[in-house]
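Reader: Could you take me through this model feature by feature, giving the general idea before the particular case?

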Number of protein chains: 2
Amino acid sequence: MALSHAIMTALLEDEMSGYELAKAFDVTLGLFWHASHQQIYKELHKLTDKGWLEKEPVVQQGKPDKIVHRLTGAGREALAEWVWGESRMQEAKDDLWVKLYNLSADNISRLSAEIVQRREEMMGRLYLYEKIRRRHYDDPESLPIRRKGIYLALIAGIRQGENFLQWCDEALEFLARAENTATA
Amino acid sequence: MALSHAIMTALLEDEMSGYELAKAFDVTLGLFWHASHQQIYKELHKLTDKGWLEKEPVVQQGKPDKIVHRLTGAGREALAEWVWGESRMQEAKDDLWVKLYNLSADNISRLSAEIVQRREEMMGRLYLYEKIRRRHYDDPESLPIRRKGIYLALIAGIRQGENFLQWCDEALEFLARAENTATA
DNA sequence: CCGAATTATGCAATAAATTGCATAGCCACA
DNA sequence: TGTGGCTATGCAATTTATTGCATAATTCGG
């Protein structure tokens, strides 16, 4: 159960509402994680029941009221313990790879188009994360310890993304050649 | 529902039993996918019920009997249709990234050890996949179309892995420096 | 003959994630 | 006044994945 710990991690420094968490996820953890608001609200209830979070209603003007969530001492402890524990490497499990195993003369242009689409999506993400890196992580050696960890995760994501872009380019060229020889 | 399509993909050329599928998954799709035998057997039943697979008991000598599964015409069609359809990019969702967001003086050596462990695991996988690449995909331009797709997936996985190894090395150095300055 | 390893298949309970639906406050614009 | 968009929270149903358990045939070494 890692989503719960991702949520607690996001709450380490700031208290947040479910809605804010959903957004924060896309921004700060977006290269690694996406969670729907439904999932987040459900998890927030569970964590509150366990005593790892506490909630507080906040009245807002100009917007509907919200409920902010804050890490408790027990939550902090549980999180630290989880960090210490074992974890397993996760596979990509992306449909794209399975689809490529089905490459044929029929679908080659379709799959090429899909790679183009993925490339564009990744470009957008990278643009965002590269901006974050330059703004807030430009001098990694002088960051406080926790930010150093975030930095490492960030560059892992950025490099993975750049690597993917490069693969897309080469794959598209390769597929174009394959398409030509097939129809020649 | 991609596992079902991954299974059908594995059955494109060979008929296989659930047990064999579980193994084949680790070998041929291992960089992208892992599925437990329980999941695979369940999925095989579903696919057979849908008429996308047919099964046949096979008596073996020296081993317990098995039940092999074969793609039907309807299965082939459904698979081709799925390949044509939309798909979304999947995030990594690996605990390691979340853990790094929790880096502290307390856990820095623990997390370093975990990265060392990951590095080793990835080395093992890469060794296997690099061997496959050299043996069967050494001359990608002359492969038949379907094998070209597999080749692209394979090099995507290999590069991702190599990229990860490099990140591990740099991260470990960075963490070592951080640990020294923290205790200095 | 016994135990361990390998081959082979499966059920049940739980957890996690997706999809669809529902509600409601507030703002801006026409 | 109504419509659309953003903010905000949630339920319910279904699908997908994990974990633990259970069974059984066969081989091989001790």
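Author: What follows treats the annotated domains, the sheets and then the surface facing the DNA. This is a predicted model, in which local features need pLDDT of at least 70 and side-chain atom pairs count only at pLDDT 80 or more, whereas totals for chains, interfaces and linings use all residues. Residues are numbered from 1 along each chain as its sequence is written, chains are lettered from A and ligands numbered from 1 in the order in which they are written, and side-chain values use heavy atoms, with hydrogens and water left out.

Reader: Which residues of chain A does UniProt list for the N-terminal domain, and which for the C-terminal domain?

Author: UniProt positions are given in the numbering used here, with feature names shortened, and annotations may be inferred rather than shown by experiment. The unreviewed UniProt entry lists residues 9–81 of chain A as "domain: Transcription regulator PadR N-terminal", and residues 93–175 of chain A as "domain: Transcription regulator PadR C-terminal". Helices (H or I, at least four residues) and strands (E, at least two) are DSSP runs, numbered from the N terminus. On that basis residues 9–81 of chain A are 49% helix and 19% strand, with end C-alpha atoms 13 Å apart, while residues 93–175 of chain A are 80% helix and 0% strand, with end C-alpha atoms 22 Å apart.

Reader: What is the strand order of the sheet in chain A?

Author: Two strands pair if DSSP finds at least two bridges between them. In chain A the order is E1-E3-E2, an open sheet of three strands with antiparallel pairing. Strand E1 (16–17) and strand E2 (53–58) of chain A are at the edges and have a single partner strand each, so one side of each lacks a neighbour in the sheet. Six bridges link E2(A) with E3(A), including those that pair Glu54(A) with Arg70(A) and Pro57(A) with Ile67(A). E1(A) is joined to E3(A) by two bridges, again antiparallel, and Ser17(A) stands opposite Val68(A) in E3(A). In a regular strand the side chains alternate between the two faces of the sheet.

Reader: How many bridges join the strands of chain B, and what lies across E2 and E3 of chain B?

Author: Chain B has an open antiparallel sheet of three strands in the order E1-E3-E2. Two bridges join E1(B) to strand E3 (residues 66–71) of chain B, where Met16(B) has His69(B) as its bridge partner. Six bridges join E2(B) to E3(B), and one of the partnerships is that of Leu53(B) with Leu71(B). H3(B) lies across E2 and E3 of chain B, at about 115° to E2(B); the axes are lines fitted to C-alpha atoms, for helices over the stretch in contact (heavy atoms within 4.5 Å), and angles run from 0 to 180 degrees between N-to-C directions.

Reader: Which elements supply the surface near DNA strand D, and which polar contacts does the strand make?

Author: A residue is near a strand if one of its heavy atoms lies within 4 Å of it. Helix H2 (18–28), helix H3 (37–50) and strand E3 (66–71) of chain A, together with helix H3 (37–50) of chain B, each supply at least two residues of this surface. Of the 25 residues around DNA strand D, those that come nearest are Lys23(A), Gln60(A), Ile67(A), Met1(B) and Gly62(B). Among the atoms of DNA strand D within 4 Å of the protein, 64% belong to sugar or phosphate and the rest to bases. A polar contact here is a pair of N or O atoms within 3.5 Å. Phosphate oxygens of DNA strand D lie 2.7 Å from a polar backbone atom of Ile67(A) and 3.4 Å from one of Gly18(A), whereas a polar side-chain atom of His37(A) is 3.2 Å from a base oxygen.

Note on methods
A polar contact is a pair of N or O atoms within 3.5 Å; within protein, one must be able to donate a hydrogen and the other to accept it, and residues adjacent in sequence count only if both atoms are side-chain atoms.
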